[in-house]
Amino acid sequence: MARPGECMILGFDFGTRRIGVAVGNELLGSARELDPLSAREGIPDWRQVGRLVEEWQPDLFVVGLPLTAAGEEQEMSTRARKFGKRLFGRYGVPCEMVDERGSTGEAKAIARERGHRGSWRDEGVDGISAVLIVERWFVAREGLPR
């Protein structure tokens, strides 16, 4: 495990067809998007996930928790939690859930600024959303004793 404040993080924006992925470095306080994972009913190709784990050697997984506007859990919340539990079960790396409310809208705004034409189905914003989820984890950690 990394020293406090020096975690390498793999962040995920869970979806049933595509799962956004980002890698973050706590020491630098930054994250960048990686290629999304294809999924079938929320189940990724675990070999691809294994390759990411092998390449990045994360100290922590962070998974976006899709809540309603009122902050309540919904069916996708349950599925995202299950995905997080599977990550932990397969790789033994701790997993934390992060409130992802508003991240898709924010990701679309960022994509538009970068010239995205709005064909979200063809060119998703899953990676940008995963970056935002990792960044929210950084913000939540600020000020906490290490």
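**View A. What the buried residues of helix 2 pack against.** In this predicted model, the buried residues of helix 2 pack against strand 1, strand 2, strand 4, helix 1, strand 5 and strand 6. The residues in question are S77, A80, F83, G84 and L87. They sit on the same side of helix 2, because they cover an arc of only 120° around the axis. Over on the other side, you'll find E75, T78, K85 and G89, which are exposed. If the spacing looks familiar, remember that an α-helix has 3.6 residues a turn, so residues three or four places apart point the same way.

**View B. Helix 2 from end to end, and just past it.** Helix 2 has 17 residues, which should span 24 Å at 1.5 Å a residue. Its end C-alpha atoms are 25 Å apart, so the two values agree. Step off the end and you land on G92, just after helix 2, with a positive phi of about 65°.

**View C. The open sheet and its edges.** Here are 6 strands with mixed pairing, in the order 4-3-2-1-5-6. Strand 4 (43-44) and strand 6 (95-99) stand at the edges with a single partner strand each, so one side of each has no neighbour in the sheet. Zoom in on strand 1 (residues 8-13) and strand 2 (residues 18-25), and you'll see an antiparallel pair held over 6 bridges. One spot to look for is I9, whose bridge partner in strand 2 is G24.

**View D. Two helices against the strands.** Helix 1 (residues 46-56) lies across strands 1, 2, 3, 4 and 5. Compare its direction with that of strand 3 (30-40), and the angle comes out at about 160°. Helix 2 (residues 75-91) packs on the sheet too, touching strands 1, 2, 4, 5 and 6. Its direction makes about 170° with that of strand 5.

**View E. D126 and what it touches.** D126 belongs to helix 4 (residues 126-141). Is D126 buried or exposed? With a relative accessible area of 14%, D126 falls under the 20% cut-off and therefore counts as buried. Leaving aside neighbours within four places in sequence, D126 is in contact with D13, R18, I19, G20, V21 and P36. A22 is worth finding in this view as well: D126 and A22 are 104 residues apart in sequence, yet their C-alpha atoms are 9.2 Å apart in space.

Notes
Residues numbered from 1 in each chain as written. Predicted model: local features only at pLDDT ≥ 70, side-chain atom pairs only at ≥ 80, totals over all residues. Heavy atoms only, no water. Pairing = 2+ DSSP bridges. Helix = DSSP H or I, 4+ residues; strand = E, 2+ residues; numbered from the N terminus. Contact = heavy atoms within 4.5 Å. Axes fitted to C-alpha atoms, helices over the stretch in contact; angles between N-to-C directions. Expected span 1.5 Å × (residues − 1). Buried < 20%, exposed > 50% of the residue type's maximum accessible area, 1.4 Å probe, protein only. Arc of directions from axis to C-beta.
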